[in-house]
Amino acid sequence: MYRFCSAVLLVAALGCGSGDAKPSAPVAKDGPSIYFRESSAAYEQGVAALRRKEIERADQLFAKATKLDRDNHAAWFQSGVLLAQRGRWQKALGPLGRASELVRGNAVYSFHYGRALLETGELGAALKVLGRSVEDDPEQYQAHYFYGIASERAGDFRSAAVAWSESARLEPCFPPAFIRLAQLYERWQFRARAMVVAEKGLECQREVAHSRWKLWAICGRV
């Protein structure tokens with residue numbers, strides 16, 4: 001069986017953000033199989049349906065693409081993302097895990113798979129997969145953020161603080177990292193640090209009201 005080799009990034013944001021790159025068509029690595037063209041065509045049609053915001057149609061087309069060729073990692077990934085966007089985390093594990101397995105070293109695939117593991121309570125596996133995502137792409141601020149959440153749930157607060165600090169450094173307009181880090185410092189009674197982090201998070205003027213109110217609330221308490 002051939003394997004697709006192109007790395008496909010995100011079509012739409014997941015939760016606290018997921019990336020901005022547009023998806024690209026899968027490419028055959030070892031030569032086309034009998035169903036390569038049909039699978040690629042179904043995938044491309046799914047991408048077009050997504051751009052028209054025809055979610056159900058896109059879902060059907062990505063599923064068709066994976067049935068035509070089980071090595072179409074791009075279609076597996078998009079199927080998983082659509083399930084996750086609708087909160088169907090348990091069902092998203094399969095396709096996201098398949099995509100991550102087919103393309104080792106793809107930080108975006110690992111990030112989404114790791115988050116699905118985290119959302120379904122598989123903490124140990126989530127830590128491993130999210131850690132791999134951060135290693136593969138240290139610039140991916142969402143992966144750092146969710147690795148911090150997994151670390152906190154595992155009781156490793158130091159690693160959580162480091163991960164959220166890195167997430168905030170990489171993306172100064174990503175309020176969840178500032179909120180989590182400031183709240184952690186507040187619990188530790190490091191009030192001065194909590195204040196600095198909250199004020200830094202408020203410097204970005206692009207944030208929605210509820211995020212700014214959370215940061216203001218931290219400033220008020222400390």
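**A tour from Phe-174 to the α9/α11 packing**

Start by selecting Phe-174, which is buried, with a relative accessible area of 4%. The model is predicted.

Keep Phe-174 shown and add Tyr-141. The two rings form an edge-to-face aromatic pair, with 5.0 Å from centre to centre and 65° between the planes. The angle counts as edge-to-face because it is over 60 degrees. This pair links distant parts of the chain, its members lying 33 residues apart. Tyr-141 belongs to helix α7 (residues 141–153), while Phe-174 is in the loop between α8 (157–170) and α9 (175–187).

Next, add Phe-111, Tyr-145 and Phe-146. Ring pairs join these three residues with Tyr-141 and Phe-174 into a cluster. The structure as a whole holds nine aromatic pairs.

Now select helix α9 together with helix α11 (residues 209–221). Their axes are 10 Å apart and the helices pack at an angle of about 20°. That makes α9 roughly parallel to α11, since angles under 35 degrees count as such. The crossing of the two helices, α9 and α11, is left-handed.

To see the contact between them, show side chains on both helices. On the α9 side, the residues to display are Pro-175, Phe-178, Ile-179, Ala-182, Gln-183 and Glu-186. They meet Ser-211, Lys-214, Leu-215, Ile-218 and Arg-221 in α11.

For the last stop, select Phe-190 and Arg-193. The charged end of Arg-193 sits over the ring of Phe-190, at 5.1 Å from the ring centre.

Conventions:
Residues are numbered from 1 along each chain as its sequence is written. This is a predicted model: local features need pLDDT of at least 70, side-chain atom pairs count only at pLDDT 80 or more; totals for chains, interfaces and linings use all residues. Side-chain values use heavy atoms; hydrogens and water are left out. Rings of Phe, Tyr and Trp (its six-membered ring) pair if their centres lie within 6.5 Å; planes under 30 degrees apart count as stacked, over 60 as edge-to-face and the rest as tilted. Helices (H or I, at least four residues) and strands (E, at least two) are DSSP runs, numbered from the N terminus. Buried means under 20% relative accessible area, exposed over 50%, partly exposed in between (1.4 Å probe, protein chains only). A charge sits over a ring if NZ of Lys or CZ of Arg is within 6 Å of the ring centre and within 35 degrees of the ring normal. Axes are lines fitted to C-alpha atoms, for helices over the stretch in contact, and angles run from 0 to 180 degrees between N-to-C directions. Angles under 35 degrees count as roughly parallel, over 145 as roughly antiparallel, 65 to 115 as roughly perpendicular and the rest as oblique. A crossing is left-handed if the near helix is turned anticlockwise from the far one by less than a right angle, and right-handed if clockwise. Contact means heavy atoms within 4.5 Å.
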